[in-house]
Amino acid sequence: MTHVEPDLATVPETVGVPGAPHGIRVDLGGREDRTPAGEPDGVIELRNLEVFYDKFRAVSGVDLLFGSQEITALIGPSGCGKSTVLRCLNRMNDLVPGAHVFGDVTFHGADMYAPEVDVIEVRRRIGMVFQKPNPFPKSIYDNVAYGPRVTGMKTGNMDDVVEQALRGAALWDEVKDKLKQSAFGLSGGQQQRLCIARTIATSPEVILMDEPCSALDPIATAKIEDLMVELAKTYTIIIVTHNMQQAARVSHRTAFFTAAADEHGQRTGRLVEYELTGKIFGNPADKRTEAYITGRFG
Ligand SMILES: Nc1ncnc2c1ncn2[C@@H]1O[C@H](COP(=O)(O)OP(=O)(O)O)[C@@H](O)[C@H]1O
Ligand SMILES: [Mg+2]
């Protein structure tokens with residue numbers, strides 16, 4: 001897995017977070033204005049989430065309330081279960097051999113794992129964008145039209161749907177004259193925005209993103225970050241990132257996970273702290289969070 005850290009020289013001017021231990025410097029990007037009041041509404045809620053891969057307990061005891069039209073960042077060292085938790089949020093772990101999910105996962109208060117639930121509909125309403133851009137071997141247009149077509153959405157004019165989704169993903173101006181060309185001709189950053197357009201074309205409520213910028217250069221990363229902030233006006237966004245500057249820049253709330261070894265040497269991921277992002281990066285309650293965000297562990 002390759003992680004491309006943004007070149008800080010290209011990141012907009014940064015300021016210290018008041019009270020931040022060891023002077024972590026992050027671009028606040030107007031986050032003060034975006035700090036939500038009160039508790040998250042729990043549009044998706046986890047209660048006592050536990051996930052096994054066969055007999056290996058990867059994640060245990062996770063309680064989390066996600067807020068709608070917020071960006072929630074899941075952070076923590078590699079292997080602490082961030083992707084595992086994220087995949088529980090639209091039943092993507094159903095597709096992982098050996099994965100078993102226990103506990104409660106609700107969406108608008110309804111059990112997402114109830115037998116009568118239509119999994120395809122779950123994934124339409126809770127879309128996912130992956131680490132590596134994964135456009136289909138089709139034209140730009142057909143990538144975006146794919147979801148509405150296969151889910152049989154009543155869309156009216158497909159050209160309009162495609163344009164709206166590409167505009168929503170801040171890609172329209174770059175591709176409007178080559179919609180019939182292969183998606184593979186786009187740059188990595190454009191491909192990732194195309195994947196976001198493909199996701200929003202099916203009108204989801206929630207977009208899950210698993211390290212969506214880790215294969216991108218700093219400029220493409222900055223564009224996706226701007227886009228996330230824009231998208232959060234309409235959608236609920238839950239993002240896994242190994243990049244703490246990114247979590248600090250874009251998210252409203254941050255959940256920090258870690259995986260300490262038990263007496264049998266088993267590493268099970270646990271949620272350590274979940275708070276407003278300014279608090280996590282400015283004044284974390286838990287020593288492990290502080291050690292991680294200041295780069296002393298992980
Ligand atoms: N498909 C899988 N099969 C078996 N073990 C897995 C699988 N996916 C992840 N794991 C294990 O579960 C733990 C959590 O992994 P993951 O959720 O990918 O962590 P993170 O995203 O935080 O790096 C790790 O120990 C990892 O090796
Ligand atoms: Mg991961």
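Start by selecting ligand 1 and the residues around it: 14 residues surround this ligand, and the closest of them are Y53, A58, K82, S83 and T84. Three elements each give two or more residues to this shell, namely strand 4 (56-66), helix 2 (82-88) and strand 12 (267-276). If you colour the shell by element, helix 2 stands out as the one that gives the most, with three residues. Colouring the shell around ligand 1 by class instead shows five nonpolar, seven polar and two charged residues. Keep in mind throughout the tour that this is a predicted model.

Next, zoom out to the whole protein chain, which has eleven helices and twelve strands. Of its 298 residues, 45% are buried. Among the contacts in the chain with a separation of 6 or more, 71% are accounted for by residues 24 or more positions apart.

Now select strand 3 (residues 44-53) together with strand 4, which pair in the antiparallel sense over seven bridges. To follow the pairing at one position, pick V51 in your viewer and look across to strand 4, where V59 stands opposite. These two strands form a hairpin with two residues between them, and in the turn you will find D54, whose phi is positive at about 50 degrees.

Keep strand 3 selected and add strand 6 (residues 99-107), with which strand 3 pairs in the antiparallel sense over eight bridges. A useful pair to label here is R47 and its bridge partner in strand 6, D104.

Before leaving strand 3, select N48, which is found in this strand and has a positive phi of about 50 degrees although it is not a glycine. Is N48 buried or exposed? N48 is exposed, because only 11 other C-beta atoms lie within 10 Å, and 12 or fewer is the condition for that class.

The next stop is a pair of helices: select helix 4 (residues 140-150) and helix 7 (residues 188-200), which pack at an angle of about 35 degrees with their axes 7 Å apart. Their crossing is right-handed. To see the contact itself, show I140, N143, V144, Y146 and G147 of helix 4 along with L194, A197 and R198 of helix 7. By class, this contact has five nonpolar, two polar and one charged residues.

Stay with helix 4 and highlight its buried residues, which are I140, N143, V144, A145, G147 and P148. The elements that cover them include helix 5 (158-168) and helix 6 (172-175), as well as helix 7. Just after helix 4, look for G152, which takes a positive phi of about 65 degrees.

From there, move to E211, which lies in the loop between strand 9 (206-210) and helix 8. The phi of E211 is near 45 degrees, a positive value in a residue other than glycine. E211 counts as buried because it has 22 C-beta neighbours inside 10 Å, where 20 or more are required.

Finish in helix 8 (residues 218-231) by selecting T221. With 25 C-beta neighbours inside 10 Å, T221 also counts as buried. As a last step, draw a distance from the C-alpha of T221 to the C-alpha of Q246: these residues are 25 apart in sequence and 9.1 Å apart in space.

Technical notes
Residues numbered from 1 in each chain as written. Chains lettered and ligands numbered in written order. Predicted model: local features only at pLDDT ≥ 70, side-chain atom pairs only at ≥ 80, totals over all residues. Near = placed C-beta within 6 Å. Helix = DSSP H or I, 4+ residues; strand = E, 2+ residues; numbered from the N terminus. Nonpolar A, V, L, I, M, F, W, Y, C, P; charged D, E, K, R; others polar. Pairing = 2+ DSSP bridges. Axes fitted to C-alpha atoms, helices over the stretch in contact; angles between N-to-C directions. Left-handed = near helix turned anticlockwise from the far one by under 90°. Contact = placed C-beta atoms within 7 Å.
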